[in-house]
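Trainee: Could you take me through this model, one packing question at a time?

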Amino acid sequence: MRSLAEPELLLRAWEQAASAPEAARSAVFVHLAGLSSDLDAALDLDVGACASLAALAHTIAFGPEVAGVVACQACGELMDTQIRLPPAEELAAVPAAREQGAVVGDLTVRPPTTRHLIAAGAVPDRARTVLLSCCVRRSDGAPFDPSSLTAEEEAWLDAAAERLTGEALLMLRMQCPACDRLVRAALDPGAVLWDQIDVAAHQLMEDVAALARSFGWSEADVLAMPASRRAAYLARAEP
């Protein structure tokens, strides 16, 4: 396992994630953090397993605490929230323990992978059909036609897919102080990790630029410095 907060790896993670489809960012982080054998393996993880490993990458690099703002759906009140991600050992154990499929009538449904989300995102007007084609099979092996689903079958499939996806989104529950309603909100670990990396990478690039202007050092020189030494030189850099 590697920490995505390490300077060189931080910039590589930022660069690769910024140029990747949004749906692929969690897989990029999982791969670079050493939590999968390679990027292909990360892309083939189901989205729940990938999200759990992205949360683990966040814990390794930035700690388990996550701060944010949640809006009440009823009255619009903004609430600061601070949550703690599950323990690292629990997050690491999720992929092996996850349910790999469910039978709904004569259909077999499996959880979507990041590859499936990327394929669906490429055709927004047909995204649901693409996901159904990727994740649902007839139990007897016969071709599956998403357009032939009944409303009841669609509801069953949605419930099965939600259960199989599991930890893709961590659910928050809190009481609104303004209207006293129960507020539910979803936390996407990959999106939270991207926010952390985006901020940290831009700050690091600012540090590199400042030290390059003042001392003529290269990016590699600056990134190789311990954080304490880099901070000491920044305090001595020309304004």
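Mentor: We will go from a helix pair to a sheet, then to one residue. The model is predicted: local features need pLDDT of at least 70, side-chain atom pairs count only at pLDDT 80 or more, and totals for chains, interfaces and linings use all residues. Residues are numbered from 1 along each chain as its sequence is written, and side-chain values use heavy atoms, with hydrogens and water left out.

Trainee: Are α1 and α2 roughly parallel or roughly antiparallel to each other?

Mentor: Helices here are DSSP runs (H or I, at least four residues), strands likewise (E, at least two), numbered from the N terminus. The axes, lines fitted to C-alpha atoms over the stretch in contact, give angles from 0 to 180 degrees between N-to-C directions. Those of α1 (residues 7-19) and α2 (residues 25-32) come within 9 Å and cross at roughly 155°. Angles over 145 degrees count as roughly antiparallel, so α1 and α2 are roughly antiparallel.

Trainee: Which strands are the edge strands of the open sheet?

Mentor: Strands pair if DSSP finds at least two bridges between them. The order is β3-β4-β5, with antiparallel pairing. Pairing on one side only are β3 (102-104) and β5 (136-138).

Trainee: Is Thr113 buried or exposed?

Mentor: Thr113 sits in the loop between β4 (107-109) and α6 (114-121). Beyond its neighbours within four places in sequence, its contacts (heavy atoms within 4.5 Å) are Leu43, Asp44, Leu45, Asp46 and Val47. Buried means under 20% relative accessible area, exposed over 50%, partly exposed in between (1.4 Å probe, protein chains only). Thr113 has 11%, so Thr113 is buried.

Key: Angles under 35 degrees count as roughly parallel, over 145 as roughly antiparallel, 65 to 115 as roughly perpendicular and the rest as oblique.
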